[in-house]
Amino acid sequence: MSRMNNDIVVIDHGEIVENGNHETLLAQEGKYYDLYMTQYAGFAT
């Protein structure tokens, strides 16, 4: 059985700084969180 991988890799200045799924990265409140909040500020999640 094939399984999809839903990991996200966050790269900053050529270096991997975070990786994980959407929920994990949001909970860490790091670079992914900052980008997500900038993109979706004011929208319901």
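## Exercises on a predicted model of a β-β-α-α chain

Of the 45 residues of the protein chain, 18% count as buried, where buried means under 20% relative accessible area, exposed means over 50%, and partly exposed lies in between (1.4 Å probe, protein chains only). The model is predicted, so that local features need pLDDT of at least 70 and side-chain atom pairs count only at pLDDT 80 or more, while totals for chains, interfaces and linings use all residues. Residues are numbered from 1 along each chain as its sequence is written, and side-chain values use heavy atoms, with hydrogens and water left out.

**Exercise 1. Describe the secondary structure of the protein chain and the pairing of its strands.**

Step 1. The protein chain contains two helices and two strands, which follow the pattern β-β-α-α along the sequence; helices (H or I, at least four residues) and strands (E, at least two) are DSSP runs, numbered from the N terminus.

Step 2. Strand β1 (residues 8-12) pairs with strand β2 (residues 15-20) in the antiparallel sense over five bridges, and two strands are said to pair if DSSP finds at least two bridges between them.

Step 3. Individual bridges can then be placed: Asp12 has Glu15 as its bridge partner in β2, and Ile11 has Ile16.

**Exercise 2. Find which residues in the loops between β1 and β2 and between α1 and α2 take a positive phi without being glycine.**

Step 1. In the hairpin of β1 and β2, two residues lie between the strands, and His13 takes a positive phi near 55 degrees, although His13 is not a glycine.

Step 2. At 75% relative accessibility, His13 counts as exposed.

Step 3. Glu29, in the loop between α1 and α2, has a positive phi of about 50 degrees and is not a glycine either; with a relative accessibility of 54%, Glu29 counts as exposed.

**Exercise 3. Identify the largest nonpolar core and trace the contacts of Tyr32 and His22.**

Step 1. The largest nonpolar core has five residues, namely Val10, Leu25, Leu26, Tyr32 and Tyr36, a nonpolar core being a set of buried Ala, Val, Leu, Ile, Met, Phe, Trp, Tyr and Cys residues joined through side-chain atoms within 4.5 Å.

Step 2. Helices α1 (22-28) and α2 (31-40) each supply at least two residues of this core. In soluble globular proteins, nonpolar side chains tend to be buried together.

Step 3. When neighbours within four places in sequence are left aside, Tyr32 is in contact with Ile8, Val10, Glu18, His22, Leu25 and Leu26, where contact means heavy atoms within 4.5 Å.

Step 4. His22 belongs to helix α1 and, with the neighbours within four places again left aside, is in contact with Ile8, Tyr32 and Tyr36. His22 is partly exposed, with a relative accessible area of 25%, and its C-alpha atom is separated by 8.1 Å from that of Asn6, 16 residues apart along the chain.

**Exercise 4. Locate the one salt bridge of the structure and describe the exposure of its two residues.**

Step 1. The structure holds one salt bridge, defined as a side-chain nitrogen of Lys or Arg within 4 Å of a carboxyl oxygen of Asp or Glu. The side chains that meet in this way are those of Asp12 and Lys31 (3.2 Å, N to O).

Step 2. The pair links distant parts of the chain, with Asp12 in strand β1 and Lys31 in helix α2, 19 residues apart. Side chains of opposite charge can pair when their charged atoms come close.

Step 3. Asp12 counts as partly exposed at 23% relative accessibility, and Lys31 is partly exposed with a relative accessible area of 43%.

**Exercise 5. State which residues form the nonpolar patch on the surface, and set the patch beside the accessible surface of the protein chain.**

Step 1. Val9, Ile11 and Ile16 form the patch, with about 310 Å² of accessible area together. Patches are made of residues with over 30% relative accessible area and no salt bridge, with like charges joined within 9 Å and nonpolar side chains (Val, Leu, Ile, Met, Phe, Trp, Tyr) within 5 Å.

Step 2. Val9, in strand β1, is partly exposed, with a relative accessible area of 48%.

Step 3. The accessible surface of the protein chain comes to about 4100 Å², of which 51% belongs to carbon and sulfur atoms; accessible areas come from the Shrake-Rupley method with a 1.4 Å probe, and for residues only the protein chains shown count as cover.
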